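Trainee: Hey, can you walk me through this one? I've got it open, but I'd like a guide.
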Amino acid sequence: FTSTRDRQLAFQTNMATNPENSEGYIAAFRQYFPELSSTDPNRFPTDARDSNGFWMQYTIGGLYAKFECDLHGEEEYVWTSKQVQVDLKYRYNFVERRGEVKVSREFRQRCSRQWREQSIHPWKFPLLDEGQAGWIMRHLVTKIKKTYFEERAEYGYGGPRGPRREPDRLDHQSADCEACSLMRCPQFRLMADSNMRKGRQGNNQNNLEHIVWVLIDDNNHIHNL
């Protein structure tokens, strides 16, 4: 016999994001991604394993969110953090001839309060504060635009700056933070992937294409602009 709670926990194990954040992501995607117009698709990197577009990772840190734990009797225990991390992935799909974006992972925390049972409470996904999904998509668009749409001279040497600097002191217990357990909190440094093949620098004016973007959710559903 499998209890309702066991089924819920099994479902959560297969999740990468909080479904309650999905509407915010979709709305923000549709608000900001129309800013991207035409570029040479060959500027995007390819994957050496299949020659299709390489999934580039982009991490946003310092996000505001709350977490809820339902193992405290009648009232849920709620805590907040200003150091939440979210991973996104994006690529140009050379087969489908479109740009693709995924919210690939939201990093979880768990309740740090000690109770009579002395049990470890389950990991919980963040519920992003209002406006944070827009913050995420706006900075992802800025990253993509400056790297793959504009000429380097348009934004100067060094490329785009990060969205904000995360504070050095943690506002949560390291043992109860998924990102901390992976040694990427409060700041994360992405390592190079040997399967990534860089695209061309600058546009071939004879190969400009208006790129249509889609957002792909956890269930592989496609959301258009």
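Mentor: Sure, and let's start with a term we'll need: a crossing is left-handed if the near helix is turned anticlockwise from the far one by less than a right angle, and right-handed if clockwise. Also keep in mind that this is a predicted model.

Trainee: Okay, so which way does helix 2 pass helix 3?
Mentor: The crossing of helix 2 past helix 3 is right-handed. The axes of helix 2 (residues 22–32) and helix 3 (residues 132–149) come within 8 Å and cross at roughly 40°. That angle makes helix 2 oblique to helix 3.

Trainee: Which residues of helix 2 and helix 3 meet?
Mentor: On the helix 2 side you have Gly 24, Tyr 25, Ala 28, Phe 29 and Tyr 32. They meet Ala 133, Gly 134, Ile 136, Met 137, Arg 138 and Val 141 in helix 3. Sorted by type, the residues of this contact are eight nonpolar, two polar and one charged.

Trainee: And which residues in helix 2 are buried?
Mentor: Tyr 25, Ile 26, Ala 28, Phe 29 and Tyr 32 are.

Trainee: What covers the buried residues of helix 2?
Mentor: The cover includes helix 3, along with strand 4, strand 5, strand 6, strand 9 and strand 10.

Trainee: Let me zoom out. How many helices and strands does the chain have?
Mentor: There are four helices and ten strands. Along the sequence, they follow the pattern α-α-β-β-β-β-β-β-α-α-β-β-β-β. The chain has 225 residues, and 40% of them count as buried.

Trainee: What about contacts in the chain with a separation of 6 or more: what share comes from residues 24 or more positions apart?
Mentor: Those account for 73% of them.

Trainee: On to the sheet. What order do the six strands have?
Mentor: The order is 6-3-4-5-9-10, in an open sheet with mixed pairing. Strand 6 (127–128) and strand 10 (222–224) stand at the edges with a single partner strand each, so each has one side without a neighbour in the sheet.

Trainee: How do strand 3 and strand 6 pair, parallel or antiparallel?
Mentor: Strand 3 (residues 56–69) and strand 6 are antiparallel, with two bridges between them. As an example to find on screen, Lys 66 has Leu 127 in strand 6 as its bridge partner. Helix 3 packs on the sheet too, touching strand 3, strand 4 (77–93), strand 5 (98–106), strand 6 and strand 9 (213–216). The direction of helix 3 makes about 175° with that of strand 3.

Trainee: What joins strand 5 to strand 9?
Mentor: Four bridges do, and these two strands run parallel. Look for Gly 99, which stands opposite Trp 213 in strand 9.

Trainee: Where do the side chains of strand 9 point?
Mentor: Trp 213 and Leu 215 point one way, while Val 214 and Ile 216 point the other way, and all are buried. The general idea is that side chains in a regular strand alternate between the two faces of the sheet.

Trainee: And how many bridges join strand 9 to strand 10?
Mentor: Three, and this pair runs antiparallel. In that hairpin, five residues lie between the strands, and Asn 220 takes a positive phi near 65°. Ile 216 has Ile 222 in strand 10 as its bridge partner.

Trainee: Is Ile 222 buried or partly exposed, and why?
Mentor: Ile 222 is at 36% relative accessibility, so it counts as partly exposed. Leaving aside neighbours within four places in sequence, Ile 222 is in contact with Arg 98, Val 214, Leu 215 and Ile 216. The C-alpha atoms of Ile 222 and Val 101 are separated by 9.8 Å, with the two residues 121 apart along the chain.

Trainee: Switching to loops: what is the phi of Ser 51?
Mentor: Near 65°, which is a positive value in a residue other than glycine. Ser 51 sits in the loop between strand 2 (46–47) and strand 3. With 58% relative accessibility, Ser 51 counts as exposed.

Trainee: And where does Arg 97 lie?
Mentor: In the loop between strand 4 and strand 5. Arg 97 has a positive phi near 55° and is not a glycine either. Its 52% relative accessibility is why Arg 97 counts as exposed.

Technical notes
Residues are numbered from 1 along each chain as its sequence is written. This is a predicted model: local features need pLDDT of at least 70, side-chain atom pairs count only at pLDDT 80 or more; totals for chains, interfaces and linings use all residues. Side-chain values use heavy atoms; hydrogens and water are left out. Axes are lines fitted to C-alpha atoms, for helices over the stretch in contact, and angles run from 0 to 180 degrees between N-to-C directions. Angles under 35 degrees count as roughly parallel, over 145 as roughly antiparallel, 65 to 115 as roughly perpendicular and the rest as oblique. Contact means heavy atoms within 4.5 Å. Ala, Val, Leu, Ile, Met, Phe, Trp, Tyr, Cys and Pro count as nonpolar, Asp, Glu, Lys and Arg as charged, and the others, Gly among them, as polar. Two strands pair if DSSP finds at least two bridges between them. Buried means under 20% relative accessible area, exposed over 50%, partly exposed in between (1.4 Å probe, protein chains only).
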